[in-house]
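Here's a walk through one model, taken a piece at a time. Have the viewer open as you read.

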Amino acid sequence: MVPPATMPTDDTARLRAAVAFVREHDTATLLPLLLPGLRGPELRSLAPHCRFAHAGLLLFPTDPQDLRRRLADCGLAVDTPSQPSVVVRERLARRHRRDLAELDVRILRPRVHGPAGESRAVEVFALTVPAHSDLEALAAHERARGHEAHLALELEHPDPLVLRGLCAVLARHGARPDGGGYNPHEDGTVLYFTTPAAGACGYRRLELYTPGDHRDALEDHLRADPRGRPDAGRPAEALLRLLTGAWTTQALASFARLGLADALDPDAATTTRELARRTATRPENLATLLRYLTMLGAVTAERAAHAPHTETAETTEEEESFRLTPLGALLRADSPDTMRPLALMYAGPFYSSFAALDHTVRTGRPAFDHLFGENHFDHFARDPELADLFDRSMAASSRMFEPLPAHPVITTAAQAPAPRTVVDVAGGNGELLGRILTAHPTLRGMLLERPHAVEAARRSLDAAGCGARCDYLSGDFADVPHSGDVYVLSRILHDWDDDRCREILGHCARAMPADADLLIVERLLPEDGSPSLATAWDLHMMCNVGGRERRREHYARLLADAGLELVDHTPLPLEAYVLHARRSR
């Protein structure tokens, strides 16, 4: 498949490339190309639920005869029936600020056979653009950008639970919601995703199609896509929504601090009054908070009529009841994958320092240092409670670590005839190292950290049953040990400027034996400027730490400066990546 950056601009050549791609691939080969981190059991469980249905692209024939000629040139049936396109028509109108009445977009799906002879299609969106039409600029833009070029999976059975499960898997491997809609002409629901830039097939958009009306799933999907919000196209409403972001942070943190997530049940609704009794809060004020949290998706609301409180009252009134959602459950204190410490950290010290973001932009110095008089490492180290909260907040994002024990570097070390050692540099409370050692009983570990963090890591790894296979070293980056086989830097480099990163990588390079590997876990800024958690964290690191997020090429240069070579990079959950480096030959 020709990557979009070099995609031919001639409609016939683009159509011919799509036909070739459909004939070559099936679901099992396609999914790892789109989502490089998807493999093994998860791939095998996902593939049977969906089939590779088609490759799609947008063409701009000058008239119906021109379209028929291009179809014939590519060996496709020229008499393929067409229907109106709702989703692409609306996307084009929004993207180019055109009136819908100007855009008569049709869909046709000429059949193509897959590698095993299975019936598939090339989905052609056709917008007629007569010669010298004022739509020619639109056509040129779309050909160059390939916005509507996509690959499509179709659910084998239109089960809402399977649909939501597939969406969750796609999100876990870096696919981001990118619009969608319900087409009444076909009675089908389509969800679009943007796939990771690291994908190897050239297509960046994925369509998940299921027959029937699944507007509940569609609503959740669009809610996760900022461009799908109800206020899209209304800037005043959109700005007001954005300006309330601080309220969202504090509402979620209050939800956690008050123990509401722990007091609610995901399977049975709890009345506001009962919840107020359990949490020692005021029912009227609690109801206001819960209604806002309903809008955020942390709880769902139900109404039930109950008897009046006075003997003379003749009417009943509705009392709100609430259930905990999977999102809200992440703020439970006892949840194994709790994100409660993150909520408290982002609504605490880091929330305060963001009020001085303009100081950072003016001076280049962290707002945290300006507000608290010292950097956040020293500030937290002097306060045991804050230090513990910070370490737990780092562990709260540990879901990004789930695939790391299966990384080829780790599995190769685990299969070596002699025990190999994984060195976790600045490894915090040992969450990542514990996962690796638990998955591979033949490996040994060594954790380098500050003295107070070493003790926390020792307790954590002992509790996980890995303590006997782990050594601990108190120190700084200059103390990276020389005895490792695999070195890990997880979420460390984004704390520092380029000069300090070169120093840290230099310490690692000097300590690493010639055949050792270095794994770096960081978020990567997208190459195409698309929305990303990394862009948000880039602002956070600048404001609170004085660090930054970086693109892959930036890390490659820093590694090269330290005598290291970037071998590859693969995606992890939560839009993170693991970069594999070795000493330069």
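## Salt bridges, counted and placed

A search over the whole structure turns up 35 salt bridges. Keep in mind that this is a predicted model. Take the pair Arg-205 and Glu-148 to begin with: their closest N and O atoms sit 3.4 Å apart. This pair links distant parts of the chain, with Arg-205 in strand β9 (residues 205-211) and Glu-148 in the loop between α6 and β6 (150-155), 57 residues apart.

Are these two charged residues buried or exposed? Arg-205 has a relative accessibility of 6%, so it counts as buried. Glu-148 comes in at 1%, so it counts as buried too.

Now for Asp-476 and Arg-500, whose side chains meet in a salt bridge at 3.9 Å, N to O. Asp-476 lies in the loop between β15 (470-474) and β16, and Arg-500 in helix α24 (residues 498-511), so this bridge ties together parts that are 24 residues apart in sequence. Asp-476 is at 43% relative accessibility, so it counts as partly exposed.

Helix α24 also holds Arg-502, which is linked to Asp-561 in helix α26 (residues 552-561), 59 residues away along the chain. The side chains of Arg-502 and Asp-561 form a salt bridge with an N to O distance of 2.9 Å. With 30% relative accessibility, Arg-502 counts as partly exposed. Beyond single pairs, salt bridges that share partners gather Arg-91, Arg-95, Glu-142, Glu-148, Asp-178 and Arg-205 into one network.

## Two nonpolar cores

In soluble globular proteins, nonpolar side chains tend to be buried together. Here the largest nonpolar core has 45 residues. Those with the most contacts inside it are Leu-15, Val-122, Val-124, Leu-151, Phe-193, Tyr-203 and Leu-208. Apart from that one lies another core, of 30 residues, including Val-425, Ala-509, Leu-518 and Leu-566.

What does Leu-15 touch once its neighbours within four places in sequence are left aside? Its contacts are Leu-57, Leu-59, Arg-70, Leu-71, Cys-74, Leu-76, Val-122 and Val-124.

## Strand β13 and its partners

Val-425, one of the residues in the 30-residue core, also belongs to strand β13. Five of the five residues of β13 (residues 421-425) are buried, so the strand is largely enclosed by the rest of the structure. Thr-421, Val-423 and Val-425 point one way, while Val-422 and Asp-424 point the other way, and all are buried.

Which strands does β13 pair with? One is β14 (residues 444-449), joined in the parallel sense over five bridges. To get from β13 to β14, the chain goes through helix α22 (residues 431-439), and this β-α-β crossover is right-handed. Another is β16 (residues 486-490), also parallel, with four bridges. Val-423 is a handy residue to click on: its bridge partner in β14 is Met-446, and in β16 its bridge partner is Tyr-487.

## Two positive phi values

Most residues other than glycine have a negative phi. His-132 isn't a glycine, yet its phi is positive, at about 65°. His-132 is found in the loop between β5 (119-127) and α6 (136-145). Its relative accessibility is 75%, so it counts as exposed.

Ala-280 is another non-glycine with a positive phi, about 55°. This alanine lies in the loop between α12 (272-279) and α13 (283-296). Ala-280 is exposed, because its relative accessible area of 72% is over 50%.

## Ser-335 and His-540

Ser-335 is in the loop between α14 (326-329) and α15 (340-346). Is Ser-335 buried or exposed? It is buried, because its relative accessible area of 14% is under 20%. The side chain of Ser-335 makes a polar contact of 2.6 Å with the side chain of Asp-337.

His-540 sits in helix α25 (residues 533-544). It is buried as well, with a relative accessible area of 10%. Leaving out neighbours within four places in sequence, the contacts of His-540 are Tyr-346, Phe-350, Phe-354 and Val-545. His-540 and Ser-353 are 187 residues apart in sequence, and their C-alpha atoms are 9.8 Å apart in space.

Technical notes
Residues numbered from 1 in each chain as written. Predicted model: local features only at pLDDT ≥ 70, side-chain atom pairs only at ≥ 80, totals over all residues. Heavy atoms only, no water. Core = buried A, V, L, I, M, F, W, Y, C linked by side-chain atoms within 4.5 Å. Buried < 20%, exposed > 50% of the residue type's maximum accessible area, 1.4 Å probe, protein only. Contact = heavy atoms within 4.5 Å. Polar contact = N/O pair within 3.5 Å; in protein donor to acceptor, adjacent residues only side chain to side chain. Pairing = 2+ DSSP bridges. Right-handed = clockwise from strand over helix to strand, strands pointing away. Salt bridge = Lys/Arg side-chain N within 4 Å of Asp/Glu carboxyl O.
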